[in-house]
Amino acid sequence: MSDMTRVALDAMGGDNAPGEIVKGAIDAVNLRDDIKVFLVGKTEVINPVLSEYTFNKEQVEVVNASEEIEMAEPPVNAIKKKKDSSMVVGMKLVKDGEADAFVTAGNSGAVLVGGQTIVGRIKGIKRAPFAPLIPTKTGVSLLLDCGANVDARPDQLVQFARLGSMYMDKVIGKKNPTVGIVNIGAEEEKGNALVKETFPLLKECKDINFIGSVESREIPEGACDVIVCEAFVGNVILKLYEGMATTLIGIIKEGLMSTTKSKIGALLAKPALKKTLKSFDASEYGGAPLLGLEGLVVKTHGSAKSKEVKNSIIQCVAFKEQDIAGNVQRMIESE
């Protein structure tokens, strides 16, 4: 059991809970025998769904939690008052060392509040950013922050850059990853007050490979490995990215099915097209870890289906193997 990655999964969180969440868990354990999933939530709701599947019973355990945090609830009140919610109970499993990671598609604000108050920030971490991988022409880039800290300071953005560089090195295996700050132009003097104050600090930071400003149109091309911005900008980039990808895929499919000739062409192109479109499917890359916590917390999209849930669970194996929290701690101590 010591070699197992133990994941506490919020079975009640997200738009498609519990059906898609439970299915994602089963898909993960049926694919990997080194994962155990704690399905956290109302047993009377989870068990009937679970009974529909075949799986190794030793790899799945239901942990009862009588409450759930709704998507629109005020985060602080929800975490404070709903002590027996699936989110709070799941995070406590991580805090108490009974689980290696917590995964949820639930209320983002509650994830942020709970992550910092229950799991706890590593000493020296100023803010904990959400850091999703996004697909690009050259592979993937890490975008941080994408939703946790909408009023970040320059010194916090510098720390995001360092966290992102460490992540890309240790988890993705990208040595000396390039770092760029999102801006409205390439010139150093451009940008709002936050970008102008942060730019020289990033230039002076010796343990990152800072390449300067990156315009949003350059991101899909793979302009840099680590994309740094405050959470408002990051969330807009992420949502536009996802919406545009979904729209383009829909338009392409509609066009290919419009005539008999295009249908024949689509049949011939299907293998290559399927591979290309898959590489730009955000659900292939799992969820966004909340970097800088003493334990691992991963947030998936509120609309996550089983594939994204499965990939978010499997993603936790690499996090555990690479000891992300330990690496962050060592990074802070080296300052």
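**Notes on the predicted model**

1. Helix α4 comes up first. Eight of the 10 residues of α4 are buried, so the helix is largely enclosed by the rest of the structure. The model is a predicted one. The buried set begins with S86, M87, V88 and V89. G90, M91, L93 and V94 complete the list. After α4 comes G97, with a positive phi near 80°.

2. Next, the residue leading into α4. S85 sits in the loop that links α3 (75-81) to α4 (86-95). Its relative accessible area is 0%, so S85 is buried. Which residues does S85 contact, leaving aside neighbours within four places in sequence? They are A65, E67, E68 and I69.

3. Cysteines. How many disulfides does the structure hold? Zero. C205 is in no disulfide, and the nearest cysteine sulfur, that of C224, is 15 Å away. C205 has a relative accessibility of 13%, so this residue counts as buried.

4. C229 deserves its own entry. Why is there no bond from C229 to C146? The closest cysteine sulfur to that of C229 is in C146, and the separation is 8.3 Å, which is too far for a bond. The cut-off for a disulfide is a sulfur pair within 2.5 Å. C229 is also buried, because its relative accessibility is 4%; buried means under 20%.

5. Surface patch. L240, M244, L248, I251 and I252 make up a nonpolar patch on the surface. Together they have about 470 Å² of accessible area. One of these residues, I251, belongs to helix α8, which covers residues 231-256. Is I251 buried or exposed? I251 is exposed, because its relative accessible area is 52%. A general point on helices helps in reading the patch. An α-helix has 3.6 residues a turn, so residues three or four places apart point the same way.

6. Cis peptide at a proline. A17 and P18 are joined by a cis peptide bond, with omega about -5°. Where is P18? P18 is in the loop between β1 (5-10) and α1 (19-31).

7. Cis peptide at an aspartate. The bond between L144 and D145 is also cis. Its omega is about 10°. D145 lies in the loop between β6 (139-144) and α6 (154-172). Strand β6 ends at residue 144, and L144 is the residue joined to D145 by this bond.

8. Positive phi at N176. The phi of N176 is near 50°, a positive value in a residue other than glycine. N176 is located in the loop between α6 and β7 (178-182). With 57% relative accessibility, N176 counts as exposed, since the cut-off for exposed is over 50%.

9. Positive phi at D323. D323, a residue other than glycine, likewise has a positive phi, near 50°. The loop that holds D323 runs between α10 (306-321) and α11 (324-333). How accessible is D323, and what class does that give? Its relative accessible area is 36%, so D323 is partly exposed.

10. Residues to look at in the viewer. For cis bonds, go to A17 and P18, then to L144 and D145. For positive phi, go to N176, D323 and G97. For burial, begin with S85 and the buried residues of α4, among them V88 and L93. For the nonpolar surface patch, begin with I251 and I252.

Notes. Residues numbered from 1 in each chain as written. Predicted model: local features only at pLDDT ≥ 70, side-chain atom pairs only at ≥ 80, totals over all residues. Heavy atoms only, no water. Helix = DSSP H or I, 4+ residues; strand = E, 2+ residues; numbered from the N terminus. Buried < 20%, exposed > 50% of the residue type's maximum accessible area, 1.4 Å probe, protein only. Contact = heavy atoms within 4.5 Å. Patch = residues over 30% accessible without salt bridge, like charges linked within 9 Å, V, L, I, M, F, W, Y side chains within 5 Å. Areas by Shrake-Rupley, 256 points an atom, 1.4 Å probe, with all protein chains shown as cover. Salt bridge = Lys/Arg side-chain N within 4 Å of Asp/Glu carboxyl O.
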